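Grab your viewer and work through a few short exercises on helix packing, chain contacts and DNA surroundings. Try each task before you read its solution.

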Protein chains: 2
Amino acid sequence: MSIAERKEREKAEMRSLILSAAHHIFKEKGYDGLNIRSIAERIEYSPATIYLYYKDKNEIFYALQYEAAAAKRDHLIPAAAIEDPWQRLIEFGRLYVDFGLKHPDWYDLLFLTRAPMEHVENQECWTLGMATHSFFVETVQACVDARYFKSTDTQTIAYTLWCHAHGLVSLFVRERMRMYPPEQREELARKSFAMIVKMAEGL
Amino acid sequence: MSIAERKEREKAEMRSLILSAAHHIFKEKGYDGLNIRSIAERIEYSPATIYLYYKDKNEIFYALQYEAAAAKRDHLIPAAAIEDPWQRLIEFGRLYVDFGLKHPDWYDLLFLTRAPMEHVENQECWTLGMATHSFFVETVQACVDARYFKSTDTQTIAYTLWCHAHGLVSLFVRERMRMYPPEQREELARKSFAMIVKMAEGL
DNA sequence: TTGCCTACTAAACAATGTTTAGTAACTTTG
DNA sequence: CAAAGTTACTAAACATTGTTTAGTAGGCAA
């Protein structure tokens with residue numbers, strides 16, 4: 001069965017080659033510059049070959065989205081080491097915003113792009129995202145348990161904080177902050193983050 | 001010069017006819033269902049004719065975006081009548097979120113779509129949006145002036161509240177709330193809005 | 001060695017944005 | 001009013017991009 005094994009390995013390698021090309025093109029040319037022909041050209045195969053390894057463009061897209069979710073998780077990992085739940089929550093939030101501002105393309109792909117959620121495919125990515133989200137909610141729960149808040153509505157607290165962070169990053173990523181001079185934007189984001197922390201203290 | 005006037009009027013009517021068709025198609029079939037040929041078919045002209053009235057698809061798109069901005073402004077108008085700045089601010093926020101949840105397509109077009117901001121065209125829409133935004137910031141300023149907050153950093157307060165509302169609507173519009181059962185989502189949004197109001201009280 | 005099967009591709013198809021070249025009706029001019 | 005010019009419109013084509021089809025060449029099995 002060695003031949004079959006080799007073939008399977010080669011198949012996996014080819015999928016990985018395609019995805020890696022897609023990854024590079026996405027990083028260089030963004031969402032709009034990513035098309036099947038450009039991937040094919042980069043790996044020096046015909047466009048039709050791509051379809052032997054991925055059902056359609058969306059499947060490649062989902063795979064990329066998974067990479068974004070993994071990158072986000074990796075970015076947030078350092079927060080997990082912090083003992084104190086309140087400090088952990090703050091650092092988690094800070095890293096979340098930091099990820100969005102440093103990797104707007106990835107954030108866009110995860111949260112602002114139309115295509116991905118339409119069909120409930122892309123299970124792995126959703127699962128990974130949910131794990132990260134659960135870690136966040138658990139940290140809020142730990143804060144609630146330790147009486148860091150007066151409120152005990154973990155769900156609403158978590159959701160409210162998420163809304164703020166997500167809104168902050170989204171306005172950045174989609175360039176809806178034109179009313180503020182470019183050099184002020186990051187500072188405003190930092191101030192706003194500090195403000196929501198202060199506000200949360202009074203919860 | 002009557003003929004020239006008539007021609008100008010006819011030109012404006014045609015532009016309006018095209019835009020109205022685009023509007024209907026957008027409402028029925030959404031962003032992806034809106035294309036030049038479908039507009040042409042609806043108004044019973046050839047696709048090429050569209051290009052005699054709009055430079056390209058983006059220009060139609062920008063015009064639609066302006067409609068969305070106008071719809072948003074109209075939706076928020078009732079808040080302006082409220083005397084007390086704090087109550088006005090709350091109502092403004094409530095109506096903002098309400099608009100987003102009731103007209104996800106419009107909100108999407110205004111804040112979540114990639115195309116519009118790329119070139120700094122679409123001046124009128126931006127101007128209209130800025131006017132609405134200024135009204136919001138002025139209301140926050142009025143609250144600051146009336147000592148509703150301990151903080152006096154109007155800009156950061158306004159931005160923080162906007163981040164929350166925008167994040168809340170965005171997560172809805174782009175369906176990133178799958179972890180909550182559908183029937184819980186609106187309630188969670190309402191609770192979160194109430195929570196941010198409470199949090200703002202302590203600012 | 002023969003026949004099958006796999007990986008791959010050229011070419012085509014379909015959808016959609018956009019341009020070109022031409023036509024018919026309307027308007028101006030002499 | 002007739003000739004010339006202009007305008008409004010269109011059919012057809014072109015370009016791009018996702019996707020499918022019909023094959024082909026080379027490895028693999030019998």
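### Exercise 1: DNA strand C

Keep in mind that this is a predicted model. Sort the residues of the surface near DNA strand C by class.

Solution. Step one, the classes: the surface near DNA strand C has 10 nonpolar, three polar and five charged residues. Step two, the total: 18 residues surround the strand, and the closest are Ala48(A), Thr49(A), Asn35(B), Asp56(B) and Lys57(B). Step three, the elements: two or more residues each come from α1 (2-33) and α3 of chain A, along with α2 (36-43) and α3 of chain B.

### Exercise 2: DNA strand D

Find the element that gives the most to the surface near DNA strand D.

Solution. Start with the neighbours: 17 residues surround DNA strand D, with Asn35(A), Asp56(A), Lys57(A), Tyr45(B) and Ala48(B) the closest. Next, list the elements that each supply at least two residues: α2 (36-43) and α3 (47-50) of chain A, plus α1 (2-33) and α3 (47-50) of chain B. Of these, α3(B) gives the most, with three residues. To finish, the class split for this surface is 10 nonpolar, three polar and four charged residues.

### Exercise 3: A helix pair in chain A

Work out how the axes of α4(A) and α7(A) are oriented to each other.

Solution. First, get the geometry: the axes of α4 (residues 57-80) and α7 (residues 123-145) of chain A come within 9 Å and cross at roughly 20 degrees. Then apply the cut-off: angles under 35 degrees count as roughly parallel, so α4(A) and α7(A) are roughly parallel to each other. For the handedness, this crossing is left-handed. Now look at who makes the contact: α4(A) brings residues including Tyr62(A), Tyr66(A), Arg73(A) and Leu76(A), while among those from α7(A) are Cys125(A), Leu128(A), Gly129(A) and Phe135(A). By class, the contact has nine nonpolar, three polar and three charged residues.

### Exercise 4: Chain B against chain A

Say which helix provides the largest share of the side of chain B that touches chain A.

Solution. Begin with the head count: 28 residues from chain B and 28 residues from chain A take part in the contact. On the chain B side, the elements giving two or more residues are α6 (104-112), α7 (123-145), α8 (154-173) and α9 (182-201). The pick is α8(B), whose 11 residues are the largest share. As a last step, split that side of chain B by class, and you get 14 nonpolar, 10 polar and four charged residues.

Terms used: Residues are numbered from 1 along each chain as its sequence is written. Chains are lettered from A and ligands numbered from 1 in the order in which they are written. This is a predicted model: local features need pLDDT of at least 70, side-chain atom pairs count only at pLDDT 80 or more; totals for chains, interfaces and linings use all residues. Axes are lines fitted to C-alpha atoms, for helices over the stretch in contact, and angles run from 0 to 180 degrees between N-to-C directions. Helices (H or I, at least four residues) and strands (E, at least two) are DSSP runs, numbered from the N terminus. Angles under 35 degrees count as roughly parallel, over 145 as roughly antiparallel, 65 to 115 as roughly perpendicular and the rest as oblique. A crossing is left-handed if the near helix is turned anticlockwise from the far one by less than a right angle, and right-handed if clockwise. Two residues are in contact if their C-beta atoms, placed from the backbone, lie within 7 Å. Ala, Val, Leu, Ile, Met, Phe, Trp, Tyr, Cys and Pro count as nonpolar, Asp, Glu, Lys and Arg as charged, and the others, Gly among them, as polar. A residue is near a molecule or strand if its C-beta atom, placed from the backbone, lies within 6 Å of it.
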